[in-house]
Amino acid sequence: MTDRYCVFGNPIAHSRSPAIHAAFAAACGQDIAYAACLAAVDGFPQAVAEFCAAGGKGANVTVPFKEEAFRLSTRLSERAARAGAVNTLAFNGAEIFGDNTDGAGLVRDIAANLNCALAGQRILLLGAGGAARGALAPLLAGQPAELFIANRSADKAEALAAAFADIALPQGGLSAAVIGGGSFAQLAGKSFDLVINATSASLSGQALPLPPGLFAAGSLAYDMMYGKGETPFMAQARAQGAARCADGLGMLVEQAAEAFFVWRGVLPKTTAVLADLRRQLAA
Ligand code: ATR
């Protein structure tokens with residue numbers, strides 16, 4: 001019997017996840033069906049229960065339900081527990097297993113697709129909301145020399161850095177040695193090799209207050225957002241001297257590949273799927 005999966009969100013009609021997972025399944029010879037499911041804003045637990053009762057094996061979760069999925073999970077992966085949010089659910093009897101593949105997807109896109117090794121890098125993470133939080137543990141696992149979180153509300157960046165200060169690093173010691181957080185004003189005089197935008201500033205059409213000299217020679221500016229053409233953050237970063245810019249389309253595909261692995265135990269190849277999506281987006 002075909003195993004059924006879906007993505008829950010609101011809105012969900014324009015989700016690219018069904019097409020991505022259909023392409024993975026075809027390439028890996030896996031017999032799955034994957035649909036987009038609109039859940040009412042106050043009806044997420046009920047929508048999940050109905051999907052489970054109908055034999056659903058797992059689901060992705062997107063805006064605005066990731067925190068609710070975290071609370072609904074009866075067991076969490078360590079990375080989901082750290083992220084405080086769940087984007088991947090797996091149903092097994094009465095168990096609802098919650099995982100978070102967003103940060104791993106981000107890191108894989110940066111390291112594998114964009115050939116930017118994290119080890120020894122000075123990384124700046126812009127924003128201290130859910131998207132930033134989900135990225136922190138996987139970024140720290142990449143052994144950066146520094147990971148600074150800058151946020152409009154500096155207290156949120158400081159609190160986030162403090163919450164991720166106790167992670168044992170692969171190179172030894174605790175993450176307190178490399179992580180910090182504060183305001184945009186604190187960025188004056190500093191420069192970074194990798195600058196990741198995890199704010200939603202561009203949704204309101206606002207530029208970020210980034211000081212001159214922020215982008216080191218050869219630096220990569222990465223926007224978790226994506227769209228047709230260059231995002232506002234990419235344009236700003238390029239104008240301020242970033243050597244390379246990338247949007248978050250690769251993160252979308254890589255987090256999906258990680259979710260596919262959680263469910264099926266097979267990690268799909270992503271190159272062709274990402275190229276296809278890029279073509280569709282540009283059309
Ligand atoms: P998400 O789940 O996408 O991370 P979120 O949790 O609402 O969404 O977080 C949005 C992030 O974008 C926050 O870091 C927010 O900064 P504040 O904590 O100060 O609100 C940031 N953000 C949103 N609009 C912004 C703007 N115009 N300038 C700078 N940062 C902005």
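Is E230 buried, partly exposed or exposed? At 38% relative accessibility, E230 counts as partly exposed. The legends below concern a predicted model.

**Figure 1. The salt bridge between E230 and R238.** The side chains of these two residues meet with a nitrogen-to-oxygen distance of 2.7 Å. E230 has a relative accessibility of 38%, and R238 has a relative accessible area of 49%. R238 is therefore classed as partly exposed, as is E230. Elsewhere, R79, D99, R108, E254 and E258 are joined into one network by salt bridges that share partners.

**Figure 2. The two domains of the chain and the contact between them.** Domain 1 covers residues 3–100, and domain 2 covers residues 103–249. Their C-alpha centres are separated by 27 Å. Six residues of domain 1 and nine residues of domain 2 take part in the contact. The size of an interface is often expressed as the accessible area that is lost when the parts come together. Between domain 1 and domain 2, about 590 Å² is buried, and carbon and sulfur atoms contribute 47% of this area.

**Figure 3. Polar and charged pairing across the interface of domain 1 and domain 2.** One salt bridge is found across this interface. Four residue pairs are in polar contact there, with both residues at pLDDT 80 or more. On the side of domain 1 that touches domain 2, one residue is nonpolar, two are polar and three are charged. A further close-up shows the salt bridge of D166 with R82, in which the closest N and O atoms lie 3.1 Å apart.

**Figure 4. The salt bridge between R264 and D3.** Side chains of opposite charge can pair when their charged atoms come close. Here the nitrogen-to-oxygen distance is 2.8 Å for R264 and D3. R264 belongs to helix 9 (residues 249–264) and D3 to strand 1 (residues 3–9), so that distant parts of the chain, 261 residues apart, are linked by the pair. R264 counts as partly exposed because its relative accessibility is 22%. The model has 13 salt bridges by the rule applied here.

**Figure 5. The salt bridge between E95 and R75.** The N-to-O distance between the two side chains is 2.9 Å. E95 is part of strand 6 (residues 95–99) and R75 is part of strand 4 (residues 75–76), so the pair ties together parts that lie 20 residues apart in sequence. E95 is partly exposed, its relative accessible area being 24%. R75 is also partly exposed, at 42% relative accessibility.

**Figure 6. The surroundings of D193 in strand 10.** Strand 10 spans residues 192–197 and includes D193. Is D193 buried or exposed? D193 has a relative accessible area of 15% and is therefore buried. A polar atom of its side chain lies 2.8 Å from the backbone nitrogen of R122. Leaving aside residues up to four places away in sequence, D193 touches Q121, R122, A216, S219 and L220.

**Figure 7. Helix 6 and the residue Q143 that follows.** Helix 6 comprises residues 130–141. Which residues of helix 6 are buried? They are A132, G134, A135, L136, P138, L139 and L140. An α-helix has 3.6 residues a turn, so residues three or four places apart point the same way. After helix 6 comes Q143, with a positive phi near 60°, although Q143 is a residue other than glycine. Q143 is located in the loop between helix 6 and strand 8 (146–150). With 31% relative accessibility, Q143 counts as partly exposed.

**Figure 8. The positive phi of N115.** N115 is not a glycine, yet its phi is positive, at about 50°. The residue N115 lies in the loop that connects helix 5 (102–113) and strand 7 (122–126). N115 is exposed, with a relative accessible area of 65%.

**Figure 9. Two cis peptide bonds that lead into proline.** The bond from N10 to P11 is cis, with omega near 5°. P11 is placed in the loop between strand 1 and helix 1 (17–28). V63 and P64 are likewise joined by a cis peptide bond, with omega of about 5°. P64 is placed in the loop between strand 3 (58–61) and helix 3 (66–72).

Methods: Residues numbered from 1 in each chain as written. Predicted model: local features only at pLDDT ≥ 70, side-chain atom pairs only at ≥ 80, totals over all residues. Heavy atoms only, no water. Domains from an automatic or database assignment. Contact = heavy atoms within 4.5 Å. Buried area = accessible area lost by both parts, 1.4 Å probe. Salt bridge = Lys/Arg side-chain N within 4 Å of Asp/Glu carboxyl O. Polar contact = N/O pair within 3.5 Å; in protein donor to acceptor, adjacent residues only side chain to side chain. Nonpolar A, V, L, I, M, F, W, Y, C, P; charged D, E, K, R; others polar. Helix = DSSP H or I, 4+ residues; strand = E, 2+ residues; numbered from the N terminus. Buried < 20%, exposed > 50% of the residue type's maximum accessible area, 1.4 Å probe, protein only.
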